[in-house]
Amino acid sequence: MAVSGNAQEVEYTEYDLDNGLHVILHQENKAPVVTVGVMYHVGAKDEETGRTGFAHFFEHLLFEGTKNIERGKWFDIVSANGGRNNANTTQDRTYYYETLPSNNLELGLWMESERMLHPVINKIGVDTQNEVVKEEKRQRIDNAPYGKIIYRTGINKYIFKKHPYGQSVIGSMEDLDAAKLDEFIAFNNKFYNPNNATLVVAGDIQIEDTKKMIADYFGPIKNTGDKITRTIIKEDPITTEIKATEKDANIQIPAKVLVYRTPKQTDKDAYVLNYISTILTGGNSSRMYKNMVEDKKMALQVLAFTDAQEDYGTYIMGALPLGNVGLDKLQAEMDAEIEKLQNELISEREFKKLQNQFENNFVNSNSSIEGIANSLARYQMLYNDTSLINKEIDIYRSITREDIQNVAKKYLNKNQRLNLDYLPESSK
């Protein structure tokens, strides 16, 4: 299938190899650069109880080396050829990519095929990366101010009681320590297969030449596991406010945080919640910022954002007090802002400004080849609709002022949330 359109549209070609690998190609010959990315449909939610952290661990482990790439040389090879590379993991997927001068396209394809076909998973690699992950946890969560909010380790465990979203992406160090080598090998054989992956190549390429290289490098790779089938674990509705306190030794200023469970990312309501976030805290003229930071000078900082994922989402609101303002006062102001959205339609003027912001974001969203590659893979894998890279703005255009009011009424209620006091360790 090929998609084309006006200058702002991202043109792409997508198809499947016989082994189930989904391929997306985007040709853009303005600059001599190419991104090769592979997204695997495995994230923290796919881990077994007692073995959390595996998906994120593999983000590190699969850079250790392969049968034909010497241990510890992955980054050296990429940088020696004028490129850069990275990887990241979420609850739902893991993504690896290289960005290289386009004359090194074949190198990128070879390296990613090596990762899929010939990874070396041995004790020295597991032990090495175990220490790396522990240090990352110390830096990002244990010793980082507000780390348990940023990485959700102090939030999701209250919101998700049945679904594995209740576990953090970085997982448990005790689980990783307890795991045997054959468990890591089994995890690789189950998830890191062509039938569970999307290969994206974007940039300065020729489509037919690239197809031939992909057939050569990826076509012969056999699946070591069946295609993954998932059943969504259903959460019971939250009907009574959950009150909790989390302590953080790295902060001096507390925070009031309100968190609501919301629908999955493909649901139109998830898009409406993005609109609500912008109304509340999208810039200096937003409602919460103007009211709580500028006018009343009661908050040092305010935040409101939706974190929609494949099965469920969360909507997070928060504020840091200025001076001696109590957390209860911050909560009262946030509740008043929600009630205003529930009881009154936003003005036509505010609505038009909102639409213009999202139109502008959409125009700027595909400004880099790396970003386009990531978006193509993500829309295909997690939304089952690659064309959203060009059409997602139509969903935002279809949202009405009434939708905003109705979604605020449906999800942002006091009896459906976590009410969290996030306090310095020294607090009583």
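1. In this predicted model, the loop between strand E4 (33-40) and helix H1 (54-61) contains Val 42. The relative accessible area of Val 42 is 0%, and the residue is therefore buried, the cut-off being under 20%.

2. The surroundings of Val 42 deserve a remark. Residues up to four places away in sequence being left aside, Val 42 touches Ala 55, Asp 92, Arg 93, Thr 94, Phe 187, Phe 191, Tyr 192, Asn 196 and Arg 230. In addition, the C-alpha atoms of Val 42 and Lys 190 are 9.7 Å apart in space, although 148 residues separate the two in sequence.

3. Arg 230, one of the residues that Val 42 touches, is also found at the largest pocket. The volume of this pocket is about 870 Å³. Its lining comprises 39 residues, of which His 41, Lys 45, Asp 46, Arg 230 and Glu 310 are the closest to the centre.

4. The composition of that lining may be stated by class and by element. There are 16 polar, 12 charged and 11 nonpolar residues in the lining of the largest pocket. At least two lining residues are supplied by each of helix H8 (181-191), strand E7 and helix H14 (369-383). H14 provides the largest share, 4 residues.

5. Helix H9 (residues 207-218) consists of 12 residues, and the distance from its first C-alpha to its last is 16 Å, close to the 16 Å expected at 1.5 Å a residue. Ile 207, Thr 210, Met 213, Ile 214 and Phe 218 are the buried residues of H9. Viewed down the helix axis, these residues fall within an arc of 125°, so they line one face of H9. In general, an α-helix has 3.6 residues a turn, so residues three or four places apart point the same way.

6. Which exposed residues does the face of H9 turned away from its buried side carry? They are Glu 208 and Lys 212. On the buried side, the cover of the buried residues of H9 includes strand E2 (12-16), strand E3 (22-27), helix H3 (105-117) and strand E7 (197-203). E7 thus has a part in two places, since it also supplies at least two residues of the lining of the largest pocket.

7. In helix H16 (residues 401-411), the buried residues are Arg 401, Ile 404, Gln 405, Val 407, Ala 408 and Tyr 411. Down the axis of H16 they fall within an arc of 165°, so these residues line one face of the helix. Among the elements that cover them are strand E9 (255-262), helix H10 (268-281), helix H12 (327-343) and helix H13 (348-365).

Notes:
Residues are numbered from 1 along each chain as its sequence is written. This is a predicted model: local features need pLDDT of at least 70, side-chain atom pairs count only at pLDDT 80 or more; totals for chains, interfaces and linings use all residues. Side-chain values use heavy atoms; hydrogens and water are left out. The expected span of a helix is 1.5 Å times one less than its number of residues. Buried means under 20% relative accessible area, exposed over 50%, partly exposed in between (1.4 Å probe, protein chains only). The arc is that of the directions from the helix axis to the C-beta atoms. Contact means heavy atoms within 4.5 Å. On a 1 Å grid over the protein atoms alone, a cavity is a set of points where a 1.4 Å probe fits but cannot get out, and a pocket is an open set with protein on both sides within 12 Å along at least five of seven lines; lining residues have an atom within 4 Å of a point. Grid points are joined across faces, edges and corners, and a volume is the space filled by probe spheres set on the points. Ala, Val, Leu, Ile, Met, Phe, Trp, Tyr, Cys and Pro count as nonpolar, Asp, Glu, Lys and Arg as charged, and the others, Gly among them, as polar.
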